[in-house]
Amino acid sequence: MKIVLIGAGNLATNLGKGLLQAGHEIAQVFSRTMESAGALADILGSKPITDLAQVCNDADIYILSVKDTVLEDVQRTLLKGREHVLMVHTAGSMKMDVLEADRRGVFYPLQTFSKGKEVDFKEIPFFLEANHEEDLAVMRELAETLTDKIYVLSSNDRKWLHVAAVFGCNFVNHCYSMAANLLEKHDIPFSVMLPLIAETAEKVKEIHPKDAQTGPAMRWDTNVMDRHLGLLNDQPDLQEIYRLFSEHIHKAQ
């Protein structure tokens, strides 16, 4: 397919690479700066542009991968003179109907993306939504060149998927960051945590997360928990997080 990428951030970079490897043509890459557009366009063999008026009119699909705060304005500008095109966004938290095109949809890969880290799209689930069945078929055909993990999901259900992903990814990663900060203060490398992190992730592939829970809060071992809280006396924010997490784990059992 002939594709135009609107955006050159983490998701767009990985998606562009994946689509190119799958045999698609990335005709253009748009970004607000030529530095960003050019960097990704060079990788994809595409034309970099910084003006939405320069976007071609004959692509099979236009993928908008921009910040939620500018998505509405970008799509409205892009739509002018292109009322016939299939326009999709990649935002997990935004409704499909933020797009005003008649041929609109959502092409949402559930994964965390960074420009410097390659991903295996075969392992990534895609969640699709479209205004028309024929466009859903086009989007499914495109997704199938990347993965066989494809789901059709409404905007209403996708917002719950997204908040779950924040708990399961963003909050968890911040916990890693808090752990790293505690370790660094005592010259302990974060790498010692990696086997523990890996085993925790592996375990929930086989059993429900609730059944995988271990630790002092699960046992409600107040002796250990009180000692931990004491260690955090000079970090009241972490102390409160520790207390809230422990109480929630205990109540969930």
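The following legends describe close-up views of a predicted protein model.

**Figure 1. Overall composition and dimensions of the predicted model**. The protein comprises 253 residues, of which 40% are buried. Its secondary structure amounts to ten helices and eight strands. Along the principal axes, the C-alpha atoms occupy a box of roughly 65 × 35 × 30 Å. Of the contacts between residues at least 6 apart in sequence, 55% connect residues at least 24 apart. The exposed surface is about 14,600 Å², and carbon and sulfur atoms contribute 54% of this area. There are 26 positive and 36 negative side chains, with the centres of the two sets 2 Å apart.

**Figure 2. Strand 1 and strand 2, with the helix that links them**. Strand 1 spans residues 2–6, and strand 2 spans residues 25–30. Five of the six residues of strand 2 are buried, so that this strand is mostly covered. The two strands pair in the parallel sense through five bridges. Within this pairing, Ile-3 has Ile-26 of strand 2 as its bridge partner. From strand 1 the chain passes through helix 1 (residues 10–21) to strand 2, forming a right-handed β-α-β crossover.

**Figure 3. Strand 2 and strand 3, with helix 2 between them in the chain**. Strand 3 covers residues 47–49 and pairs with strand 2 in the parallel sense over three bridges. Opposite Val-29 stands Pro-48 of strand 3. The chain reaches strand 3 from strand 2 by way of helix 2, and this β-α-β crossover is likewise described as right-handed.

**Figure 4. Surroundings of Ala-41 in helix 2**. Helix 2 consists of residues 34–44 and includes Ala-41. With a relative accessible area of 1%, Ala-41 falls under the 20% limit and is therefore classed as buried. When residues up to four places away in sequence are not counted, Ala-41 touches Val-29, Ser-46, Lys-47 and Pro-48. Two of these names recur from the preceding view, in which Val-29 stands opposite Pro-48. As a reference distance, the C-alpha atom of Ala-41 is separated by 44 Å from that of Ala-212, a residue 171 positions away along the chain.

**Figure 5. Strand 4 and its two pairing partners, strand 1 and strand 5**. Strand 4 is formed by residues 61–64 and is covered on both faces. Ile-61 and Ile-63 lie on one side, Tyr-62 and Leu-64 lie on the other, and all four are buried. Four bridges join strand 4 to strand 1 in the parallel sense. In this pairing, Val-4 has Tyr-62 of strand 4 as its bridge partner. Strand 4 also runs parallel to strand 5 (residues 87–89), to which three bridges join it. Here, Leu-64 is placed opposite His-89 of strand 5. Together with helix 3 (residues 68–79), strand 4 and strand 5 make a right-handed β-α-β unit.

**Figure 6. Surroundings of Arg-104 in strand 6**. Arg-104 belongs to strand 6, which extends over residues 104–109. Its relative accessible area is 15%; because this value is under 20%, Arg-104 counts as buried. Apart from its neighbours within four places in sequence, Arg-104 is in contact with Leu-86, Met-87, Met-96, Asp-97, Leu-99, Glu-129, Ala-130 and Asn-131. Among these contacts, Met-87 lies in strand 5, which comprises residues 87–89.

Notes
Residues numbered from 1 in each chain as written. Predicted model: local features only at pLDDT ≥ 70, side-chain atom pairs only at ≥ 80, totals over all residues. Heavy atoms only, no water. Buried < 20%, exposed > 50% of the residue type's maximum accessible area, 1.4 Å probe, protein only. Pairing = 2+ DSSP bridges. Right-handed = clockwise from strand over helix to strand, strands pointing away. Contact = heavy atoms within 4.5 Å. Areas by Shrake-Rupley, 256 points an atom, 1.4 Å probe, with all protein chains shown as cover. Lys, Arg positive; Asp, Glu negative; His and termini not counted. Charge placed at Lys NZ, Arg CZ, Asp CG, Glu CD.
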